Amino acid sequence: MDVAYPAGLLVVAIGIVIGFAALVREKDDLHRILLTDLAEVLALVLIALVATDLAEALILPGLVVGISELMAVSEVYIAREGLRAPKEPAFRIEVMESAPGILALILVAYGIFLSGFTGGVVAAAGAVFYFICRGHAEQFELIETVSGYAWAIWIGAFFIFMFLPQYWFFAVMMAGGAILLKVMAKMSLVGTMRGGPDV
Amino acid sequence: MFNLPTTNIGGQELFVLEFGDIVNYFSPYTAVLFVFALLFTALAIVSRPERQVDIAFGGDAYYAKEVDPNLLRFQRFMAIACGLATLGAMVSGDVFNFTLFASMVGITNIGIVAAYRNRHVLNAAFQYGIVAMLATVPLFGGAAIVLASTGTLSMWELFTDGVAVPLIAKAFLVLGVMGEGMAPFYVAKAEITRAQGAPFILMVHVSSLLLFLRVIEIVISM
C-alpha cells in the first residue's frame with residue numbers, strides 16, 4: 001500500500017493528462033464521447049486504488065453514473081445528428097453467429113462460480129457479447145425485471161445484517177448472488193448500445 | 001450523541017437522521033438550502049407551462065407557442081428528479097453520497113436541457129454532457145483521495161480538527177461540482193430560456209447554485 005498507492009496515483013495522473021490532452025485535440029464529436037468514457041474509467045481507477053472493501057462497494061455506483069451519463073450524452077448525439085438505426089445488420093461476421101451461445105454460457109457459468117462483484121463482471125462480459133452478436137429484442141425487459149429483484153434481495157441482505165446479525169453467512173450469500181445479477185444486468189446494457197426496437 | 005464539530009460555519013445541527021454510519025443532518029445553513037430546493041421542486045411539480053404566450057414588442061399582438069406535451073412531460077420529470085437529487089445533496093452527511101447526488105444533478109440537467117429539439121440547444125447540451133462526464137473524474141477522484149488519506153467519508157469525522165484532508169482532494173471536489181453545475185453557463189448561450197418549458201430551466205440554475213453553496217460549506221468545514 002505504501003509504495004503502490006503513490007505509484008498508482010502517478011500512473012492515473014499521467015493517464016488523466018493524456019486523456020484530457022487527447023480531448024482538447026480531438027474535434028470529431030463521436031470520438032470525443034469515446035474519449036470521455038475512457039477518461040471516466042480513470043475516476044473508477046482512482047476509487048479502486050484505495051483498495052478497501054468500502055472502495056469496492058463505491059465502484060458500482062460510480063460505474064452506474066458513468067454508464068448513465070454516457071447513455072444520456074449518446075442520446076443527445078443521436079438526436080442532434082438525426083441518426084436512424086440501419087434496417088439491415090451493418091456487417092456480417094461468421095464468428096458472431098456461431099460463437100455467442102457457447103461463449104456466453106461459459107462466461108456466465110464461470111461468473112456464477114466466482115459470484116460477487118468479480119463474478120458479475122465476468123458473467124456480464126458473456127451477456128454483453130451475446131447481446132452484441134444476437135440482438136436483444138425480447139431479453140431486455142427480462143433483464144430489467146431480474147435486476148429489480150436482485151436489488152430487492154440485496155437490500156434484504158442488508159436488513160439481515162442490521163437486524164439478525166447472527167445469520168450473516170446467509171446474508172453474505174444473498175448479497176453475493178444479488179450483486180452478481182445486478183452488475184451483470186447493468187453491464188449488459190453496454191451490449192444493447194447498438195440500438196434496437198426496445199431501447 | 002451527534003454534535004457538529006464546527007458550528008461557526010453551518011451552525012448547530014437541528015436534526016440528525018442516522019442510517020448506520022451514514023448520518024444525514026440539517027444545520028441552519030443546509031436547512032435553508034433544503035427549503036429553497038423544496039420550494040422550487042414544488043414549483044416544478046405544480047407549474048403548467050403548456051400555455052405559453054409571447055407578447056410582440058411595441059404592439060398588441062401576441063403569439064401562442066406550439067408545445068409538444070410529450071417533451072414537456074419528460075422535461076417536468078427531469079426537473080423533479082433534479083430537485084430530488086438537489087435535496088439529497090443538501091442533507092447528505094457523507095462525501096461520497098454528496099458526489100453521487102451531484103453527478104445525478106448533472107445527468108438530470110442534461111435531460112432538462114436536451115428535451116428541447118433545436119440544433120443549437122442540442123449542441124449546447126452535448127457539450128455540457130461532455131463536461132459533466134469529465135467532471136466525474138475529479139468528483140469521484142476527490143472522494144477517493146479523501147477516503148484514502150483519512151480512512152473515512154463521514155463528514156462527522158472529517159469536520160473534526162484531528163482529521164486533515166489534503167488540499168488536492170478539496171480542489172478536486174470543487175472542480176467536480178463546477179463541472180456538474182456548469183449547465184446555466186451553457187443555457188445562457190442557448191435559446192432555451194425563451195423556449196417551451198422555460199420554467200423547468202429554472203431548476204438547472206437552482207440546483208447548480210445550491211450545489212456550489214453546499215460544496216463550499218463542506219470544503220471550508222473539512
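## Two helical chains and how they pack

Let's start inside chain B: helix H2 (residues 28-46) and helix H3 (residues 69-91) pack at an angle of about 170°, with their axes 9 Å apart. That angle makes H2(B) roughly antiparallel to H3(B). Keep in mind that this is a predicted model. Chain A is built from eight helices and zero strands, while chain B has nine helices and four strands. The two chains touch, with 29 residues of chain A in contact with 25 residues of chain B.

**The chains at a glance**

- Going from the N terminus, chain A reads α-α-α-α-α-α-α-α.
- Chain B mixes in its strands, following the pattern α-β-β-α-β-β-α-α-α-α-α-α-α along the sequence.
- Of the 199 residues of chain A, 28% count as buried; for the 222 residues of chain B, the figure is 47%.
- Take the contacts in chain A between residues at least 6 apart in sequence: 64% of them join residues at least 24 apart.
- In chain B, 69% of the contacts between residues at least 6 apart in sequence join residues at least 24 apart.

**Helix pairs in chain B**

- Back to the opening pair: on the H2(B) side, the residues that meet H3(B) include B:Leu33, B:Phe34, B:Ala37 and B:Phe40.
- Across from them, H3(B) brings residues including B:Arg76, B:Ile80, B:Gly83, B:Leu87 and B:Met90.
- Sorted by class, this contact of H2(B) with H3(B) has 13 nonpolar, four polar and one charged residues.
- Another pair is H4(B) and H5(B), which pack at an angle of about 175° with their axes 9 Å apart.
- An angle over 145 degrees counts as roughly antiparallel, so H4(B) is roughly antiparallel to H5(B).
- The contact of H4(B) with H5(B) has 17 nonpolar, five polar and no charged residues.

**Where the chains meet**

- Helix H1 (4-25), helix H2 (29-50) and helix H3 (53-81) of chain A each supply at least two residues of the side that touches chain B.
- H3(A) gives the largest share of that side, with 16 residues.
- By class, the side of chain A that touches chain B divides into 20 nonpolar, four polar and five charged residues.

**A look at H3(A)**

- H3(A) has 29 residues and reaches 43 Å from its first C-alpha to its last, close to the 42 Å expected at 1.5 Å a residue.
- Buried residues in H3(A) include A:Leu58, A:Gly62, A:Val65, A:Glu69 and A:Val76.
- What do the buried residues of H3(A) pack against? They pack against H2 of chain A, together with helix H4 (95-114) and H5 of chain B.
- Just before this helix, in the loop between H2 and H3 of chain A, sits A:Ala51.
- A:Ala51 has a positive phi of about 60°, although it is not a glycine.
- With 13 C-beta neighbours inside 10 Å, A:Ala51 counts as partly exposed.
- After H3(A) comes A:Gly82, whose phi is also positive, near 65°.

**Nonpolar cores**

- The largest nonpolar core has 84 residues.
- Within this core, B:Ile110, B:Ile112, B:Val113, B:Ala125, B:Ala144, B:Val146 and B:Met203 touch the most other members.
- Helix H5 (residues 119-150) of chain B gives the most to this core, with 20 residues.
- Apart from it lies another core of 23 residues, among them A:Val122, A:Ala123, A:Ala124 and A:Ala157.

**Two residues to find in the view**

- B:Leu213 is in helix H9 (residues 198-221) of chain B.
- B:Leu213 counts as partly exposed because it has 15 C-beta neighbours inside 10 Å.
- B:Leu213 and B:Val131 are 82 residues apart along the chain, and their C-alpha atoms are separated by 20 Å.
- A:Phe159 is in helix H7 (residues 139-163) of chain A.
- Is A:Phe159 buried or exposed? A:Phe159 has 10 C-beta neighbours inside 10 Å, so it counts as exposed.
- The C-alpha atoms of A:Phe159 and A:Ala171 are separated by 8.6 Å, with the two residues twelve apart along the chain.

Technical notes. Residues are numbered from 1 along each chain as its sequence is written. Chains are lettered from A and ligands numbered from 1 in the order in which they are written. This is a predicted model: local features need pLDDT of at least 70, side-chain atom pairs count only at pLDDT 80 or more; totals for chains, interfaces and linings use all residues. Two residues are in contact if their C-beta atoms, placed from the backbone, lie within 7 Å. Ala, Val, Leu, Ile, Met, Phe, Trp, Tyr, Cys and Pro count as nonpolar, Asp, Glu, Lys and Arg as charged, and the others, Gly among them, as polar. Axes are lines fitted to C-alpha atoms, for helices over the stretch in contact, and angles run from 0 to 180 degrees between N-to-C directions. Angles under 35 degrees count as roughly parallel, over 145 as roughly antiparallel, 65 to 115 as roughly perpendicular and the rest as oblique. A nonpolar core is a set of buried Ala, Val, Leu, Ile, Met, Phe, Trp, Tyr and Cys residues joined through C-beta atoms within 7 Å. A residue is buried if 20 or more other C-beta atoms lie within 10 Å of its own, exposed if 12 or fewer, and partly exposed in between; C-beta atoms are placed from the backbone. The expected span of a helix is 1.5 Å times one less than its number of residues.
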